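Visitor: I should be grateful for a close look at a single part of this model, taken slowly and in order.

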Amino acid sequence: MYLSNLSNSSNPGIIAISALGGNKADNLKTEVGILKSPSVLMNVFEFVKKEKSSKNQQFKNLRFKTWEEGALDIELQKGTTILNLAYRDTDKNLVLPVLNKISTT
C-alpha cells in the first residue's frame, strides 16, 4: 500500500529517493559483509594471532583470510534479521574473549 501511494504521487523525486535506500535484505547483507571485512575484524584477528603465537610460533604467519574462513561463520538466519555468529578455536580459553571482542566491534 505504501508503494502504491508513492507511485501515485505527483512528485517523482519521492520515488527516486525511496529507491536509493535499497531494501532491508540488501542492507542487512551489506552490513554482514562489512562485519566480515578485515577493516572491522583486524583488531580481533591481531589479538588472536598474538595469543596463539605466544604459545605456538607457527601462528606468527597466520593470515586474516585463513583465520576468518576457518574460525568464523557470520550469516543472517534465513528469512529473518537475526545474525548468527560462530567462532571456533582449539584453545577454549580464547573463545569467550574473542566473541566479546567481536560483539564490542
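How many aromatic pairs does a search of the whole structure find, and what surrounds them?

Guide: The model is a predicted one, and a search of the whole of it finds four aromatic pairs. In one of these, the ring centres of W67 and Y87 lie 6.3 Å apart with the planes at 55°, so the pair is tilted. The two residues are 20 apart in sequence and link distant parts of the chain, W67 belonging to helix α5 and Y87 to strand β2 (residues 83-87). Both partners are buried: W67 has a relative accessible area of 5%, and Y87 has one of 7%. Together with F45 and F64, W67 and Y87 form one aromatic cluster.

The surroundings are nonpolar. W67 and Y87 are among the members of the largest nonpolar core that touch the most other members, as are L41, L72 and V98; this core has 16 residues. Two or more residues come from each of α3 (24-36), α4 (38-55), α5 (64-71), β1 (72-76) and α6 (92-104), with α4 giving the largest share, four residues.

Helix α4 therefore merits attention, since nonpolar side chains tend to be buried together in soluble globular proteins. Its buried residues are L41, V44, F45, V48, K49, K52 and S53. Beyond its neighbours within four places in sequence, L41 is in contact with L35, K36, F64, W67, L72, I74 and I102. Helix α4 bends by about 30° at V44. Finally, the charged end of K52 sits over the ring of F59, 4.7 Å from its centre, while K101 lies over the face of F47, at 4.6 Å from the ring centre.

Methods:
Residues numbered from 1 in each chain as written. Predicted model: local features only at pLDDT ≥ 70, side-chain atom pairs only at ≥ 80, totals over all residues. Heavy atoms only, no water. Core = buried A, V, L, I, M, F, W, Y, C linked by side-chain atoms within 4.5 Å. Buried < 20%, exposed > 50% of the residue type's maximum accessible area, 1.4 Å probe, protein only. Contact = heavy atoms within 4.5 Å. Bend = angle between axes of the 7 residues up to and from the residue. Phe/Tyr/Trp six-rings, centres within 6.5 Å; stacked < 30°, edge-to-face > 60°. Lys NZ or Arg CZ within 6 Å of the ring centre and 35° of its normal.
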